[in-house]
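Here is a colleague's note for someone opening this entry without prior acquaintance. Please look through the chain before reading the points.

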Amino acid sequence: ARSAPRGGGKSVGEFKKISEQIDIDLLQSIQDKCSKAMGLAFVTVDYKGRPITRYSGFTDHCALGRQLQGFSEMCEQCDAHGGLHAAITGQPYIYRCHADLVDFAVPLIFNGSYMGAVMGGQIRLKDEEERELERILPQQTNWRKNKALDEAYRQAETVTYEKVESAVKVLRDMILYTIQDHYNRTMAQELEGKDKELAEARAVRSDLEFSIQKQELSSFQQQESFRYFFFVMNVITRLAFQEKAVKTEAVAYDFAD
């Protein structure tokens, strides 16, 4: 959806490619460091839900589970629903997946444009009995029969809900700050380029005006020269007439012609 429903969160405008707003290698570095520091899994997707970064901190449980038919399809359904919910509301969405792990989707919205989302989580809550989170799909338990998968689940990071909530906000703010910084530098470069073009245009205009003024002055000087010439010839012919110098008068007239 391009905009939030009535009563929803922040309205989302046109889509923009996040790769045009931030260096993907820098985004990957931020994501990797936050994953190590926070003990959470992360991956960034574009506005179509396609991953644009590598997985950071992907748990063994999720890696094994996504190799199993049926389990993997349910993971994809959870990801799709979580990402869509975050895109529509414009707010971070924390939920439980079908395997009873806590995941989240954080929309990346800049200047009203939805560019994608940070998906992640893959953790267990310490206070899970006190925290009711929406379940995307009914909880499945068949996978627990797989010993390797069940053991990997037990080894998943256990954190408090407050830590998840804080981590989500910190990562979102870091990415949006980086995008804002890139945007500011891009705009500054564009303004500098426009100022340069304007200065060049003014210089061309100034040169053109000077050329026109020079031509006008030259034309004026030429006109004045002609006036002075005929004034002098008029004086000569009058003197020749008064002195009755017929040949001089004739030559003066011929020269004037």
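The points below go from the whole chain to individual residues.

1. The model is a predicted one, and its values should be read with that in mind. The secondary structure of the protein chain comes to 6 helices and 5 strands, and along the sequence these elements follow the pattern α-β-α-α-β-β-β-α-β-α-α.

2. Of the 257 residues in the protein chain, 35% are buried. Among the contacts with a separation of 6 or more, 60% join residues that lie 24 or more positions apart. The chain exposes about 16,400 Å², and carbon and sulfur atoms supply 52% of that area.

3. Strand 2 (residues 93-96) sends Tyr93 and Tyr95 one way and Ile94 and Arg96 the other way, and all of these residues are buried. In a regular strand the side chains alternate between the two faces of the sheet. The reader can therefore follow this arrangement residue by residue in strand 2, where Tyr93 and Tyr95 point one way and Ile94 and Arg96 the other.

4. Strand 2 pairs with strand 3 (residues 102-110) in the antiparallel sense, over 4 bridges, and within this pairing the bridge partner of Tyr93 in strand 3 is Ala105. The hairpin made by the two strands has 5 residues between them, and Asp100 takes a positive phi near 70 degrees there.

5. How many disulfides does a search of the whole structure find? The search finds 0. Cys78 is in no disulfide, and the nearest cysteine sulfur, that of Cys97, is 5.5 Å away; because a disulfide requires sulfur atoms within 2.5 Å, this pair does not qualify. Cys97 is likewise in no disulfide, its nearest cysteine sulfur being that of Cys78. Cys78 is buried, with a relative accessible area of 1%, and Cys97 also counts as buried, at 7% relative accessibility.

6. Is Asp150, in helix 4 (residues 147-154), buried or exposed? Asp150 counts as buried because its relative accessibility is 13%, while the cut-off for that class is under 20%. Leaving aside residues up to four places away in sequence, Asp150 touches Trp143 and Arg144.

7. On the surface, Tyr228, Phe231, Val235 and Leu239 make a nonpolar patch of about 430 Å². One of these residues, Val235, lies in helix 5 (residues 161-242), and Val235 is partly exposed, with a relative accessible area of 36%.

How values were computed: Residues numbered from 1 in each chain as written. Predicted model: local features only at pLDDT ≥ 70, side-chain atom pairs only at ≥ 80, totals over all residues. Heavy atoms only, no water. Buried < 20%, exposed > 50% of the residue type's maximum accessible area, 1.4 Å probe, protein only. Contact = heavy atoms within 4.5 Å. Patch = residues over 30% accessible without salt bridge, like charges linked within 9 Å, V, L, I, M, F, W, Y side chains within 5 Å. Areas by Shrake-Rupley, 256 points an atom, 1.4 Å probe, with all protein chains shown as cover. Salt bridge = Lys/Arg side-chain N within 4 Å of Asp/Glu carboxyl O. Pairing = 2+ DSSP bridges.
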